[in-house]
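Let's practise finding empty space inside a protein. Work through each exercise on your own before you read its solution.

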Amino acid sequence: HGASQDENIRAYTKEHPLIFEDVFDLWPYSFLNEKGEPDGYNVDLIRLMLNELNIPYVIRMKNKQECFPDLRDGKSDLTFGLSAGFNEGFGQYSSNTVTLFTQSVATPINKPIAIRVFQDLSKNKVTVWEGSLCHHLMVDYGWSENANATRFMGEALKQLSQEEEGQIVWNTLSLKWLIRKYQIDNVNITPVDMPHGEYKFMSNNPHLLARLDSVYTELNSSEKFTAIQNKWFYPERSEHPTPEWVFYLLAIAGIL
């Protein structure tokens, strides 16, 4: 029995590397940067973990409609996905939740905030990311006519800022990141009290998921890990960190 199990464990080699696919428009998690290269938190995290596991890999960025079918059909080995009914059937999830997606609403500063709880989506037109947790929930609750689904969140946010009209509900950190990127200063972000999304590794290789889970647990509190989180989610922490020697000098100066 053991031998047949082991034969199913796919060996990742330089000739047959692990194929990691992710979407190219989920800032700051996974996206194509100005040079057209894969970038973002997921990409840095995967690089760190697969290097730690000594697994050769290739990173491909695709649109959302392709990522999950590729995983299901064996064209890729690994991706990230929300642990939700609509993603089941494409792959298995890791035990670890890599991040929690909280939802917020982006509104023009000079307009009242109409969306504070999930129920408010039943009576307000909103722009949502196509296929996102919020979009799926609105469809499930029969509010799809209020959901203006788009793939182009960056454009939607710029338009909201220019026209000072409308509202967008999406991942809090994605909205924050885009507002910072486009230097938008006339849009507010307000948390919406609604279900969080649990974002996990997805694969059809349980052995790989088990290895990723164990290395994720090991790395979770390491400096490398914190550095990646700060880089993508809390850039204000990593932009001007005070070097440690400054504190030593101040301490020495104080003693002197």
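**Exercise 1.** Find how many cavities of 30 Å³ or more the whole structure holds, and describe the largest.

Solution. The search finds 1 cavity of 30 Å³ or more. On a 1 Å grid over the protein atoms alone, a cavity is a set of points where a 1.4 Å probe fits but cannot get out, and lining residues have an atom within 4 Å of a point. The largest cavity holds about 210 Å³, a volume being the space filled by probe spheres set on the points, which are joined across faces, edges and corners. It is lined by 20 residues, with L26, K64, L82, W129 and Y199 closest to its centre.

This is a predicted model, where local features need pLDDT of at least 70 and side-chain atom pairs pLDDT 80 or more, while totals for chains, interfaces and linings use all residues. Residues are numbered from 1 along each chain as its sequence is written, and side-chain values use heavy atoms, without hydrogens and water.

**Exercise 2.** Which element supplies the largest share of the lining of the largest cavity?

Solution. Strands (E, at least two residues) and helices (H or I, at least four) are DSSP runs, numbered from the N terminus. The largest share, 4 residues, comes from β6. At least two residues each come from β1 (18–23), α3 (64–72), β6 (79–82) and β11 (168–171).

**Exercise 3.** Describe the largest pocket.

Solution. A pocket is an open set with protein on both sides within 12 Å along at least five of seven lines. The largest pocket holds about 240 Å³; among its 15 lining residues, T127, N148, A156, Q159 and I168 are closest to its centre. Helix α5 gives the most to this lining, 5 residues.
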